[in-house]
Amino acid sequence: MDILAGLIQTAFLAGGVLALAALGEVLAERVGVVNLGVEGLIALGAMSAVVTVVSTGSPWLGLGVALLVGLLSGMVFATATVVVRANQILCGLALTYIGTGMAATIGKPFSGTPVPETFSPLHIPVLSDLPFFGRALFSHNILIYVIFLILPLALHYMMFYTRHGLNMRAVGENPAAADAAGIPVMKMRFWYTSLGAALASGAGGYLTLTFVPSWSEGVVAGRGWIAVALVIFAGFRPINAVLAGLLFGFVTGLGFVGQARNWPVAASILSMLPYLGTMALMILPVVTWQRMRRLMAAPDGITAPYFRDQR
Amino acid sequence: MTSMRLQRMPLAPPRVAFALRVLSVVLAILTAALVLWGSGHNPLALGAKVISSTFGSSFGLEDLSLLFSPLIYCGLSVAVALRIGAWNIGAEGQFNFGALCATGVALFVSGPVWVILPLMGVAGMIGGALWILVPTLARAYADVSELITTLLMNFVAMLLVYWLATGPWLDPSGMALATTSRLPVSVPAFWGIVHWGLPIAILIAIALSLFVTYTRWGYEVRIAGANPGAARYAGMPVRTQLIGIMLLSGALAGLGGMMEVAGTVGRLQGGISNNYGYIGIMVAVLARAAPIGVLATAFFMAVLLNGGIVLQSQGLTTHTVLAVTGLILLYAAIGDEAAHYKILRTKAKDG
């Protein structure tokens with residue numbers, strides 16, 4: 001039982017990165033922009049959070065800087081893809097390269113330095129002392145509750161129960177119709193793409209301020225790409241996205257347990273689990289679950305730039 | 001009174017597109033220089049150092065050639081897939097796995113060199129093709145985006161190489177920590193340390209260029225990439241073409257991995273691919289997926305990569321090159337779109 005509680009605890013901790021990054025990607029893809037720069041954004045956020053906390057000692061400031069760096073990078077990306085309407089795949093790859101490269105270059109002097117102050121687990125009276133659930137569900141840092149509870153519920157409500165959310169989804173499904181209905185297509189795309197990038201970079205800050213409290217070049221390790229894949233698996237829905245993130249946190253946790261308990265499998269083989277799991281999740285549902293395909297389909301206008309005069 | 005306005009054309013004129021490509025490269029390097037200058041470096045001195053240590057001696061040119069060769073393989077790999085509209089972001093993984101398979105042959109099969117080397121080449125190609133097989137079938141039969149699946153396989157290949165090189169295949173002499181023992185055979189060199197992997201890569205590029213331009217196969221691939229619906233309607237076997245092209249793409253990257261392990265490095269170790277697969281994407285995109293163009297852009301990227309290695313003593317990393325690569329890609333994407341526009345001068349009527 002104790003192992004399971006620890007596993008669930010790790011699942012939340014490790015899955016938080018994927019969940020937050022996936023939430024950001026849901027925002028961008030729902031307005032019709034695929035941002036393949038998530039990997040680079042996580043690297044930038046992770047690095048800038050470490051640098052900030054090492055020099056100021058405040059994790060909140062670190063997270064804030066990570067979010068801000070992401071917002072600014074997202075605005076550059078959105079300028080290229082939404083305003084100039086350049087190819088989203090190329091710009092996304094470019095952002096991944098720029099982010100990964102810049103983070104490695106700037107972060108080099110900080111490589112391996114432990115973060116002096118991280119987000120520590122909150123102690124909630126009564127709840128944290130519960131036998132099993134206390135450890136599994138109520139011994140987390142505050143960001144976990146924001147990522148797994150507040151953000152997905154708020155975004156779900158916004159996207160599916162408000163006029164603004166309907167407009168937002170319309171922009172992603174059919175920008176021409178949305179434009180005709182008077183919805184500011186460009187503005188929506190620009191800001192939700194930028195906001196999504198801020199969340200991705202924030203996920204990087206979360207990574208180095210809670211789960212792996214130091215910067216190194218390989219710290220992101222493909223999490224950005226897994227997050228992009230999870231969004232597709234989650235059918236572009238915020239609640240599904242964080243659940244998918246949790247599932248992958250669980251897979252990562254399984255690898256840790258295996259290492260700690262000396263399973264007769266090499267650590268590098270166990271580390272393959274999240275990538276292989278993502279492959280399986282991308283392929284199997286499409287093959288076996290034909291009916292889900294339409295329900296979980298991507299927004300119709302995805303990756304297509306919108307030209308008002310070429311409707 | 002004349003007024004100006006922009007009009008978007010459905011097709012970009014090739015000459016404008018090419019000019020903007022060149023401009024994007026220049027702008028990216030200028031941006032990088034500006035950033036370096038802002039952080040207290042002297043970009044001109046650094047640039048001069050890169051040029052002199054790359055082109056100033058035969059050692060520099062030999063090093064450059066050793067970077068040039070894997071970039072051609074990876075660039076060609078991405079380029080052929082792009083011709084049918086598929087994104088092979090997994091050249092890095094296919095390169096690694098190709099190197100792994102070739103190493104397996106070298107370590108466990110004994111025989112004369114002229115048998116083993118071709119066998120290693122075949123093993124590398126089969127390995128590369130195997131590594132893209134699942135993403136290929138998923139794309140061809142279930143329409144799963146190959147973009148992410150090929151990329152995820154990169155991490156698996158890297159971990160697999162790392163595991164073999166530190167575990168089961170670790171150099172038994174006890175001298176090495178994270179590599180296999182030196183391979184008993186190697187691709188012979190023809191100039192200093194430059195091995196035959198380079199001329200073979202150039203030959204493959206020329207052959208591919210002829211094939212895609214002058215054969216029915218190349219034509220069908222191009223049509224299937226541009227308009228799959230029309231191609232299918234015209235009776236072209238689009239799915240078979242897609243599978244064939246993607247496997248070829250994997251095989252090219254795998255062969256690059258074999259050449260790297262058997263020619264340049266001599267043993268299998270983690271990180272054997274120095275981001276070649278990722279930079280290969282850049283090589284292919286800049287070359288607009290033309291095999292001959294890949295030779296030019298791979299050479300340019302090799303100079304850039306070599307520059308990053310030369311400047312490592314100045315506190316830069318090879319990752320800095322990756323950032324500059326990203327900048328070029330970003331500007332190139334913007335330039336591609338800008339090439340669609342022309343400026344119209346219209347005489348406004350008086351009245």
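Tutor: Helices here are DSSP runs (H or I) of at least four residues, numbered from the N terminus, and the model to which we apply them is a predicted one.

Student: With that numbering, in which loop of chain B is B:Ala289 found, and is the residue buried or exposed?
Tutor: B:Ala289 has a positive phi of about 65° although it is not a glycine. Its place is the loop between α11 and α12 (291–310) of chain B. Burial requires 20 or more other C-beta atoms within 10 Å, and B:Ala289 has 22 of them, so the residue in this loop is buried.

Student: B:Asp143 is also a residue other than glycine with a positive phi; is B:Asp143 buried or exposed?
Tutor: The phi of B:Asp143 is near 60°, and the residue lies in the loop between α5 and α6 of chain B. A residue with 12 or fewer C-beta neighbours inside 10 Å is exposed. Because B:Asp143 has 10 such neighbours, it counts as exposed.

Student: Which residues does B:Arg139 touch, leaving aside those up to four places away in sequence?
Tutor: B:Arg139 belongs to helix α5 of chain B, and with 23 C-beta neighbours inside 10 Å it counts as buried. By contrast with its contacts, B:Leu177, 38 residues away along the chain, has its C-alpha atom 39 Å from that of B:Arg139. With the sequence neighbours set aside, the residues touched by B:Arg139 are B:Ala86, B:Val144, B:Glu146 and B:Leu242.

Student: How far apart are the end C-alpha atoms of helix α3 of chain B, and what span should its 26 residues give?
Tutor: Helix α3(B), residues 58–83, is mostly covered, since 21 of its 26 residues are buried, and it is followed by B:Gly85, whose phi is positive, near 80°. At 1.5 Å a residue the helix should span 38 Å, and this agrees with the distance between its end C-alpha atoms, which is 36 Å.

Student: Which helix gives the largest share of the side of chain B that touches chain A?
Tutor: The contact takes 33 residues from chain B and 38 residues from chain A. On the side of chain B, the elements that give two or more residues are α5 (113–142), α6 (146–166), α11 (276–286) and α13 (318–338). The residues of that side divide into 23 nonpolar, 7 polar and 3 charged. The largest share, 13 residues, comes from α13(B).

Student: Turning to chain A, what radius of gyration does it have, and what would be expected of a compact globule with 311 residues?
Tutor: Chain A has 14 helices and 0 strands, and its C-alpha atoms fill a box of roughly 60 × 45 × 40 Å along the principal axes. Of its 311 residues, 53% count as buried, and among contacts between residues at least 6 apart in sequence, 80% join residues at least 24 apart. A compact globule with 311 residues would have a radius of gyration near 19 Å, and chain A agrees with this, its value being 19 Å.

Student: Which residues have the most contacts inside the largest nonpolar core?
Tutor: The largest nonpolar core has 212 residues. Apart from residues up to four places away in sequence, A:Leu230 touches A:Leu18, A:Ala22, A:Ala241, A:Ala244, A:Gly245 and A:Phe248. Inside the core, the residues with the most contacts are A:Ala22 and A:Leu230.

Definitions and conventions: Residues numbered from 1 in each chain as written. Chains lettered and ligands numbered in written order. Predicted model: local features only at pLDDT ≥ 70, side-chain atom pairs only at ≥ 80, totals over all residues. Contact = placed C-beta atoms within 7 Å. Nonpolar A, V, L, I, M, F, W, Y, C, P; charged D, E, K, R; others polar. Expected span 1.5 Å × (residues − 1). Rg over C-alpha atoms; globule rule 2.2 N^0.38 Å. Core = buried A, V, L, I, M, F, W, Y, C linked by C-beta atoms within 7 Å.
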